[in-house]
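Thank you for making time this morning. I would like to walk you through the empty spaces in one protein model, then its nonpolar core, and finish with a single glycine.

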Amino acid sequence: AVLREPDHQLQWLGLRRHVSFDINDQAQLVYIGSYRKYNSKFGQDQDATPLPVAQLDNELNHHAFTSELRLNLKSASGFVEGTVGAFYLKQKGTYTARVDLNYVGPVIDFLHGPDTTPSNTRAAFATATVHPLDALSFTGGLRYTKDEKDYTYFRSNPDSSIPNPALCFANPPGGSVVAYPNCILAGIYNVTGSFKGDRWDWRLVGDYRFTDGFMAYASVSTGFKGGGVNPRPFVADQRLPFNPETLTTYEMGFKSDLFDRHMRLNGAVFLNKYKDIILGKTVCPESSLPTPCLRPS
């Protein structure tokens, strides 16, 4: 498929396959696989003014493959049911851009990329629900996830030459000292930042159905947003990894169908407790240069 706008062109392809096989009345095998790819070209006038202060021309290429295998199980009596499975994601992207920041002195105008961003995720999971009473259920789940991500940076001058730190300062006629354009980017060429991490997450739920039309529940669970690598270092020592953003959430609520199913009323209260929230900081504390970067807080 192709999408075109005045300053944006997007081409993409998506394929998906879902296959299930009933082993017997108590067991079912399920496979879900997908492939996605896209190419996107777009321009940005980031300062949103009539002046050419901050302009970018971008191209993104990306493809990803996912595969998930599940085994669904239940006892003949219906007392317990559950799922065990595994998940795999492999993806790779390249990012190319021309970045022109006229407001920076000296002017920063450089070629960005093609930066490569390969990554993969592996996970194993299991969940089970028991029904000690017809109206009462308890569910527990566990998931192990392992992430690996790399980001290789390429920063060069518009003529494709590489900024040379030995030539950063010179004395032109008149005696003033000026920095060559893109001097700040010296050393950010064919260097890689990496992230590796693993994590356990879990979930516990209890629910009770008072009537056919009213059910109450309570749950507690954990989750995360994956860690990674600072995507836009200003200097070489900012190619830093950051840890996942984590969450523990508590929830209680009810679900109801009232007046012979003519009205549905649901309600819930919850508390989310975050840790290591990933933010764009105005100053990168680990860096030799006080410039922005992406870090947990």
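Let me begin with the residues that line the largest cavity, which are Thr-145, Asp-147, Phe-195, Gly-197, Asp-198, Arg-199, Phe-224 and Pro-244. Please keep in mind throughout that this is a predicted model. The search of the whole structure finds 1 cavity of 30 Å³ or more, and about 40 Å³ of space lies in the largest cavity. If you ask which strands supply at least two residues each to that lining, they are β8, residues 136-156, and β11, residues 189-211, with β11 giving the most, at 4 residues. By class, the lining of this cavity divides into 3 nonpolar, 2 polar and 3 charged residues.

From the cavity I turn to the pockets, and in particular to the second largest pocket, which holds about 410 Å³ of space. Its lining is made of 23 residues, and those closest to the centre of the pocket are Thr-117, Ser-119, Lys-149, Asp-150 and Tyr-151. Two or more lining residues come from each of β4 (54-74), β5 (80-101), β8 and β13 (228-229), and it is β5 that gives the most, with 5 residues. The lining of this pocket counts 9 nonpolar, 10 polar and 4 charged residues.

Now to the core. In soluble globular proteins, nonpolar side chains tend to be buried together. In this model the largest nonpolar core has 14 residues, among which Val-99 and Tyr-153 touch the most other members. At least two residues of this core come from each of β5, β6 (108-116), β8 and β11, and the largest share, 4 residues, is from β5.

Tyr-153 deserves a moment of its own, and you may wonder which residues it is in contact with once its neighbours within four places in sequence are left aside. The list includes Asp-115, the run Ile-188, Tyr-189, Asn-190, Val-191, Thr-192 and Gly-193, and also Val-229, Asn-230, Pro-231, Pro-233 and Arg-239.

I will close with Gly-267, which is found in strand β16, residues 263-275. Leaving aside its neighbours within four places in sequence, Gly-267 is in contact with Tyr-217, Met-252, Gly-253 and Phe-254. For one of these, Met-252, there is also a distance to give: its C-alpha atom and that of Gly-267 are separated by 8.5 Å, although the two residues are 15 residues apart along the chain.

Notes. Residues numbered from 1 in each chain as written. Predicted model: local features only at pLDDT ≥ 70, side-chain atom pairs only at ≥ 80, totals over all residues. Heavy atoms only, no water. 1 Å grid on protein atoms, 1.4 Å probe; cavity = no way out; pocket = protein on both sides within 12 Å on 5 of 7 lines; lining within 4 Å. Points joined across faces, edges and corners; volume = space filled by probe spheres on them. Nonpolar A, V, L, I, M, F, W, Y, C, P; charged D, E, K, R; others polar. Contact = heavy atoms within 4.5 Å. Core = buried A, V, L, I, M, F, W, Y, C linked by side-chain atoms within 4.5 Å. Buried < 20%, exposed > 50% of the residue type's maximum accessible area, 1.4 Å probe, protein only.
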